[in-house]
Amino acid sequence: MLVAPSILSADFGSLADDVKAICDAGCDLVHVDVMDGHFVPNLTIGPVVVEAVAKAASKPLDIHLMVQNNPFFVELFAPLQPDYISFHIEEEKHPHRLIQTIRDHGIKPAITLNPHTPPEAIEFLLEDLDMVLLMSVNPGFGGQRFIPSVLEKVRRLKAMIEKRNPHCLIEVDGGVNASNITLLAEAGVDVAVAGSYVFKHPEGVEKAIASLR
Ligand code: DX5
Ligand code: ZN
């Protein structure tokens, strides 16, 4: 399983140091939450700050867009060449087109589903995707409680992926910690995002990442 700490819970006063710390501690991806204050009731960071994150990071970026105008934000972040860009299916009328645009930029396309969105909503997109991100909280904030029904959704999605595109990864984001990560792994999750668990761990980020593994 890959571990992708979410920098939303980092100390933004020393962001570069926090990014270096998670990379040195052996994370696999650096998860970056982009919020526009419209799709979700919170506002985070734009390309200027994410460029600084990319410079500090020795691991690839995983950009999670929580925005209304997806094509605009894809063009904004594509020059930073993250490994992945994911966009929410609830906010995209033309997902095939956007997937192609992301791929044309040399970036792996991923789609995110809110906790209530059934996996069938993206069944006919699976063969074009590198990853599906299942939210296990309502997006917008770190430190919320894990919604357990995502486990059943992971299993359903896993069966669909095996049939349609076995290379596609499953990522879960929200309330992930050392107590539920085993259940997630057993259900078929490939990438675990964790924000507050990693950055607020009393023994530091290295111990947190090690305990998730
Ligand atoms: C929530 C974000 C998450 C968040 C996770 O909208 O997408 O990436 O940072 O934080 P935790 O792990 O604290 O739930
Ligand atoms: Zn996220």
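This passage describes the zinc site, the cysteines, the salt bridges and a surface patch of a predicted model.

The zinc ion (ligand 2) is held by protein donors from four side chains, namely H31 through NE2, D33 through OD, H64 through ND1 and D173 through OD, and these lie 2.1 to 2.3 Å from the ion. Six donor atoms surround the zinc ion (ligand 2), and because the angles that they subtend run from 70 to 168 degrees, the arrangement is octahedral. For comparison, the ideal angles for six octahedral donors are 90 or 180 degrees. Along the sequence, the donor residues of the zinc ion (ligand 2) follow the spacing H-x1-D-x30-H-x108-D. Of these donors, H31 belongs to strand β2 (residues 30-35) and D173 to strand β7 (residues 169-173), so the pair ties together parts of the chain that are 142 residues apart in sequence. Both H31 and D173 are buried.

The cysteines were examined next. A disulfide is a covalent bond between the sulfur atoms of two cysteines, and the structure holds zero disulfides. In the case of C27, the nearest cysteine sulfur is that of C23, at a distance of 4.4 Å, whereas a disulfide is counted only when the two sulfur atoms are within 2.5 Å, so C27 is in no disulfide. C27 has a relative accessibility of 1% and therefore counts as buried. C168, with a relative accessible area of 3%, is likewise buried.

Side chains of opposite charge can pair when their charged atoms come close, and a search of the whole structure finds seven salt bridges. One of them joins K108 to D83, with the closest N and O atoms 3.7 Å apart. Since K108 lies in strand β5 (residues 108-113) while D83 lies in the loop between α3 (70-77) and β4 (84-88), this pair ties together parts that are 25 residues apart in sequence. K108 is partly exposed, with a relative accessible area of 34%, and D83, at 27% relative accessibility, also counts as partly exposed.

A further salt bridge is formed between D130 and R103, where the closest N and O atoms are 3.5 Å apart. Here D130 is placed in the loop between β5 and β6 (131-135) and R103 in helix α4 (residues 95-104), so the pair connects parts that are 27 residues apart in sequence. At 22% relative accessibility D130 counts as partly exposed, and R103, with a relative accessible area of 34%, is partly exposed as well.

The side chains of E120 and R156 also meet in a salt bridge, with a distance of 2.8 Å from N to O. This pair links distant parts of the chain, as E120 is found in the loop between β5 and β6 and R156 in helix α5 (residues 150-164), 36 residues apart. E120 is partly exposed, with a relative accessible area of 37%, and R156 counts as partly exposed at 39% relative accessibility. E120 and R156 are, moreover, linked with E152 in a network of salt bridges.

Finally, the surface carries a nonpolar patch formed by F12, V48 and V49, which together have about 270 Å² of accessible area. Within this patch, V48 is found in helix α2 (residues 47-56). Because residues over 50% relative accessible area are classed as exposed, V48, at 70% relative accessibility, counts as exposed.

Notes
Residues numbered from 1 in each chain as written. Chains lettered and ligands numbered in written order. Predicted model: local features only at pLDDT ≥ 70, side-chain atom pairs only at ≥ 80, totals over all residues. Heavy atoms only, no water. Patch = residues over 30% accessible without salt bridge, like charges linked within 9 Å, V, L, I, M, F, W, Y side chains within 5 Å. Areas by Shrake-Rupley, 256 points an atom, 1.4 Å probe, with all protein chains shown as cover. Salt bridge = Lys/Arg side-chain N within 4 Å of Asp/Glu carboxyl O. Helix = DSSP H or I, 4+ residues; strand = E, 2+ residues; numbered from the N terminus. Buried < 20%, exposed > 50% of the residue type's maximum accessible area, 1.4 Å probe, protein only. Donors = N, O, S within 2.8 Å, 3.2 Å for Na, K, Ca; no water. Tetrahedral: all angles 85-135°; square planar, octahedral: opposite > 155°, others 65-115°.
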